[in-house]
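Trainee: Could you walk me through this structure and explain the words people use for it?
Mentor: Gladly, let's look together.

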Amino acid sequence: LSEAGDRTTPAGLAAQLVARPAEPGSVRAAAVFDSVEELMGQLEALAGALADDAVNPRPLPRGVHMKCPPAATRPRVAFLFPGQGSQFPNMLRELALEFSEVSEAFEAADERSREGFDRPLRYFLFPPPAFSEAERRGAAEDLANTRVAQPALGAASLGVLRLLAAHGVHPDMTGGLSYGELPAL
């Protein structure tokens with residue numbers, strides 16, 4: 001729930017949290033989740049773990065990672081970019097709706113790939129709603145085509161990279177798997 005008490009999207013929640021700067025040396029936590037409900041459960045468990053005695057802390061829930069860096073040490077950051085095969089229809093949709101850095105990366109990819117496709121690249125990334133399993137499979141197959149997958153992954157990587165940079169997150173090192181080596185460079 002947002003501060004106003006209404007339901008929010010995971011991307012909207014991320015935008016709210018990023019707007020609040022962290023104090024140096026503060027606890028840092030990351031959560032991997034599939035739904036807002038799962039995230040809420042993880043946050044409750046994390047709050048309980050933080051309230052526990054440091055001698056006998058309770059284990060963190062699955063998908064939650066926490067670090068308490070020393071105040072004088074800046075954590076090192078690595079970005080790992082995914083390779084071909086990690087793409088799927090509607091990937092980063094919520095981020096593209098919430099953050100201009102991501103949507104502008106997809107718009108730029110549309111412009112640069114205009115001559116190579118019969119429709120905008122974003123059509124492959126964000127296809128119309130599918131009403132059958134065959135339509136869902138077809139959209140995934142269209143996006144799996146190397147001619148489409150690589151520029152789509154490049155645009156997605158660039159969008160997330162720009163979003164993180166806009167919020168002051170810069171990598172100390174980068175790496176990539178397969179096609180992900182290109183955005184890493």
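Here are some questions and answers about its salt bridges, exposure and one helix.

Mentor: This is a predicted model, where local features need pLDDT of at least 70, side-chain atom pairs count only at pLDDT 80 or more, and totals for chains, interfaces and linings use all residues. Residues are numbered from 1 along each chain as its sequence is written, and side-chain values use heavy atoms, with hydrogens and water left out.

Trainee: What makes the contact of Asp 142 and Arg 119 a salt bridge?
Mentor: The term asks for a side-chain nitrogen of Lys or Arg within 4 Å of a carboxyl oxygen of Asp or Glu. Here the N to O distance is 3.2 Å, so the pair qualifies. Asp 142 lies in helix 6 (residues 133-144) and Arg 119 in the loop between helix 4 (100-112) and helix 5 (121-125), so the pair ties together parts 23 residues apart in sequence. Helices are DSSP runs of H or I with at least four residues, strands are E runs of at least two, and both are numbered from the N terminus.

Trainee: Why is Arg 119 called partly exposed?
Mentor: Buried means under 20% relative accessible area, exposed over 50%, and partly exposed in between (1.4 Å probe, protein chains only). Arg 119 has 27%, so it counts as partly exposed.

Trainee: How do you know that the span of helix 2 is close to the expected one?
Mentor: The expected span is 1.5 Å times one less than the number of residues. Helix 2 has 16 residues, with 22 Å expected, and reaches 23 Å from its first C-alpha to its last.
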